[in-house]
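Open the model in your viewer and keep the sequence panel beside it. The stops below say what to select and what is there.

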Amino acid sequence: MPEKSENPKIQALRDKKVQSRQGGGAERIKKQHQKGRLTARERLDLLLDKGSYREVDSFVEHRSSDFGTDKNKFLGDSVTTGWGTINNRLVYVFSQDFTVFGGSLGEVHAEKVVKIMDMALKNGAPIIGINDSGGARIQEGVVSLGGYADIFLRNTLSSGVIPQISVIMGPCAGGAVYSPAITDFIFMVRGSSFMFITGPEVVKTVTHEEVTFEELGGADVHAEKSGVCHIVADTEANTLFLVRKLLSYLPQNNMEDPPFVPTEDSSLRVEPALDTIIPNDPSKPYDIKEVISLLVDEGEFYEIQEGFAQNIVVGFARLGGHSIGIVANQPAFLAGVLDIDSSEKAGRFVRFCDSFNIPLLTFVDVPGFLPGVEQEHGGIIRSGAKLLYAFSEATVPKITLITRKAYGGAYDVMSSKHIRGDINLAWPSAEIAVMGPEGAVNIIFRKELQKAKNPDKKRAELVADYRKKFANPYIAASRGYIDDIIEPSSTRARLINGLEMLSNKRDKNPGKKHGNIPL
């Protein structure tokens, strides 16, 4: 704390700065801490590099006079905005202050957020919003609603231009949820953050369902059931650490390449364990994450939406120092089949990577799309088309590795050569076919099986014959659909070499305003 200045004007400035940093005052800060939550500025202290935060609009006050609000004003109102650095890279931030009017959004609150979002877009740097708010400031009426819409518009205009990250660290309800929903990634804190359109009381009134805040819109609900949340952590400190880590994989904007991080992990490293990681029995599962960890730099994989649609795995890693996005079928969960949720999860991730020049590495072990009335009525056709559209549209370097099954339309969808895969590799264990041997035999040899004296024995013979002829990568390779069949142990070197070969790739889509993805 600096000594008192002899200049009264300078001292008055210092006093106002201190007052602004106090938010709603000591008593309300104490209540915030008692809930296990940090204040708006304490959160930024953890998120940003030490001493880097530069606050703006700390003297702003609301202009409302209705319902006695003119007698209750706070410097800076209910949000702090500014910029700082994370690992010495510029970011713009806003952090809602629950100690002032419950963090509610009014006219000047929205103006502050809009100003910092505009600065982020103009200067090409990520925007991070920390949400902890009771919602719209009712005393200001429709002005608050207009403020939300002003923010939504900027979220939309910034989409695909700068990374946008939302961190939910308290309530986020009603119309307020749509700003985070448009952003690229949503982080939540287990047990203390909530998102919902209508709260438990309204739900009870309208539908007569009794539900708690946690059951309705808690972190685990959105991380595992709805898929709204991308990353969940147990504490605010851990959540903010994970935000910092995510940014290490991302460029500042869509005109930059992602950061290169030199590694001591040899690009020629051989992994003998990969030669035996695929079970001999094609019906047995294995964990694709083990494959990923054996291939990427230092074995470090930053998974996105880990608890949602676990039959597909998405996330960030590095290969030879290059930041990459990984999409992988997970045979250890639902046999890696594609369904509604997994298609949408992967499709959105692919589009993010393509927006920000992050190369895509796709691991394929997929028996097809999930059959069933529920899936068909739920729109599996539309959802599968989203993933197909995303991969087809992507112009970043795309490397695909088929580890085992690649059946039917799912083969096409998973970044195949036919939809502009740049390098398509396969292990000797790959099975590329219209469908699995059992299904194919039942269709092709239906009449023959009906006439057979021992149908089971005959079916087994036909399945073995079909598997020998078609359940392998060689027919696809003979047509150039697979560029090479490689030994699993040598995969890391081949992937890194491919990335470096593609580093100057130039590809573009036909000129248009935008496509019409099957939403």
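**Stop 1: a β-α-β unit**

Select β14, helix α15 (residues 408-413) and β15: together they make a right-handed β-α-β unit. Right-handed means that, with the strands pointing away from the viewer, the path from the first strand over the helix to the second runs clockwise. Helices (H or I, at least four residues) and strands (E, at least two) are DSSP runs, numbered from the N terminus.

This is a predicted model, in which local features need pLDDT of at least 70 and side-chain atom pairs count only at pLDDT 80 or more, while totals for chains, interfaces and linings use all residues. Residues are numbered from 1 along each chain as its sequence is written, and side-chain values use heavy atoms, with hydrogens and water left out.

**Stop 2: the neighbours of β15**

Show the backbone of strand β14 (residues 398-407) next to β15; the two run parallel and are joined by four bridges. Two strands pair if DSSP finds at least two bridges between them. Pick I402 and look across to A426, its bridge partner in β15.

Stay on A426 and look for its bridge partner in β17, which is I485. Strand β17 (residues 484-485) runs parallel to β15, with two bridges between them.

**Stop 3: the faces of β15**

In a regular strand the side chains alternate between the two faces of the sheet. Turn on side chains for strand β15 (residues 423-426): I423 and L425 lie on one side, N424 and A426 on the other. Are these four residues buried or exposed? I423, L425, N424 and A426 are all buried, so both faces of β15 are covered. Buried means under 20% relative accessible area, exposed over 50%, and partly exposed in between (1.4 Å probe, protein chains only).

**Stop 4: two positive phi angles**

Go to the loop between α7 (200-207) and α8 (213-217) and select H208. H208 is not a glycine, yet its phi is positive, near 65°. Its relative accessible area is 65%, which makes H208 exposed.

Next, select L334, in the loop between β12 (322-329) and α12 (340-355). L334 is also not a glycine and has a positive phi of about 50°. With a relative accessible area of 47%, L334 is partly exposed.

**Stop 5: the cysteines**

How many disulfides does the whole structure hold? A search finds zero, a disulfide being a pair of cysteine sulfur atoms within 2.5 Å. Select C172: its closest cysteine sulfur is in C229, 12 Å away, which is too far for a bond. C172 is buried, at 3% relative accessibility. C229 is buried as well, with a relative accessible area of 0%.
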